[in-house]
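Hi everyone, thanks for coming. I'll walk you through one structure today, and I'd like you to keep the picture in view while I talk.

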Amino acid sequence: MPLHDDVTAAQRCLDELVRSLGPLEERLGGGLEIRRVRTDAGHLRESLALLREAVPAAGPAAGCPDLVTISDAPYDTTLWSAAASSATGDYVDDEGIGARDRHAP
């Protein structure tokens, strides 16, 4: 589930909480406890609004890097041969050993 959808779901839950406070307030009266819950719900509403602004815009490119397809075909082994390396002036790194002209610290 994308982050934007999570924030929207939290907003719906908070809206349901605020709606359910009405009947509860009628039954219990407007005491200090209900006012505190309403105040806390207002703070949560403000915090969710700030979160919504901080969440990047929803869309296919939002936060998703471009995918690169890598073929399952085997690589051309001449890429790692000494002849190919000397032709380009580069040297092949042996895995775990490194290049011939460099030394470990």
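Let's start with a question: is the crossing of α1 and α2 left-handed or right-handed? Have a look before I tell you. One thing to keep in mind while you do is that this is a predicted model.

Okay, the answer: α1 and α2 cross in a left-handed way. Their axes come within 10 Å, and the crossing angle is roughly 165°. Angles over 145 degrees count as roughly antiparallel, and therefore α1 and α2 are roughly antiparallel to each other.

Now let me step back to the whole chain. The protein chain has three helices and zero strands, so if you read along from the N terminus, the order is simply α-α-α. There are 105 residues in the protein chain, and 10% of them count as buried. What about contacts? Taking those in the protein chain with a separation of 6 or more, 47% are between residues 24 or more positions apart.

Next up, α1 by itself. This helix covers residues 3–28, which makes 26 residues. From its first C-alpha to its last, α1 reaches 37 Å, close to the 38 Å expected at 1.5 Å a residue. Where does α1 bend? At G22, by about 25°, and there is a proline, P23, following within four residues. After α1 comes G29, with a positive phi, near 90°.

On to its partner. α2 runs over 32–54 and has 23 residues. End to end, C-alpha to C-alpha, α2 reaches 33 Å, close to the 33 Å expected.

So which residues are buried in α1? They are V7, Q11, L14 and L21. Here's a handy bit of background: an α-helix has 3.6 residues a turn, so residues three or four places apart point the same way. Those buried residues of α1 pack against α2. From the other side, α2 has I34, A41 and L48 as its buried residues, and what covers them includes α1.

Let me zoom in on Q11, which lies in helix α1. Is Q11 buried or exposed? The cut-off for buried is under 20% relative accessible area, and Q11 has 16% relative accessibility, so Q11 counts as buried. If we leave aside its neighbours within four places in sequence, Q11 is in contact with R45, L48 and R52. L48, you'll remember, is one of the buried residues of α2.

Now follow that contact over to R52, which is found in helix α2. With a relative accessible area of 33%, R52 is partly exposed. Which residues does R52 touch, not counting those up to four places away in sequence? H4, V7, T8 and Q11. Take H4 from that set: R52 and H4 are 48 residues apart in sequence, yet they are 7.3 Å apart in space, C-alpha to C-alpha.

One last residue: A10, also in helix α1. A10 is partly exposed, and its relative accessible area is 31%. Try finding A10 and L44 on the screen. They sit 34 residues apart along the chain, and their C-alpha atoms are separated by 9.9 Å.

To wrap up, the picture I'd like you to keep is α1 and α2 lying roughly antiparallel to each other, with the buried residues of α1 packing against α2. That's it from me, thanks for listening!

Conventions
Residues are numbered from 1 along each chain as its sequence is written. This is a predicted model: local features need pLDDT of at least 70, side-chain atom pairs count only at pLDDT 80 or more; totals for chains, interfaces and linings use all residues. Side-chain values use heavy atoms; hydrogens and water are left out. Helices (H or I, at least four residues) and strands (E, at least two) are DSSP runs, numbered from the N terminus. The expected span of a helix is 1.5 Å times one less than its number of residues. The bend at a residue is the angle between axes fitted to the seven residues ending there and the seven starting there. Buried means under 20% relative accessible area, exposed over 50%, partly exposed in between (1.4 Å probe, protein chains only). Contact means heavy atoms within 4.5 Å. Axes are lines fitted to C-alpha atoms, for helices over the stretch in contact, and angles run from 0 to 180 degrees between N-to-C directions. Angles under 35 degrees count as roughly parallel, over 145 as roughly antiparallel, 65 to 115 as roughly perpendicular and the rest as oblique. A crossing is left-handed if the near helix is turned anticlockwise from the far one by less than a right angle, and right-handed if clockwise.
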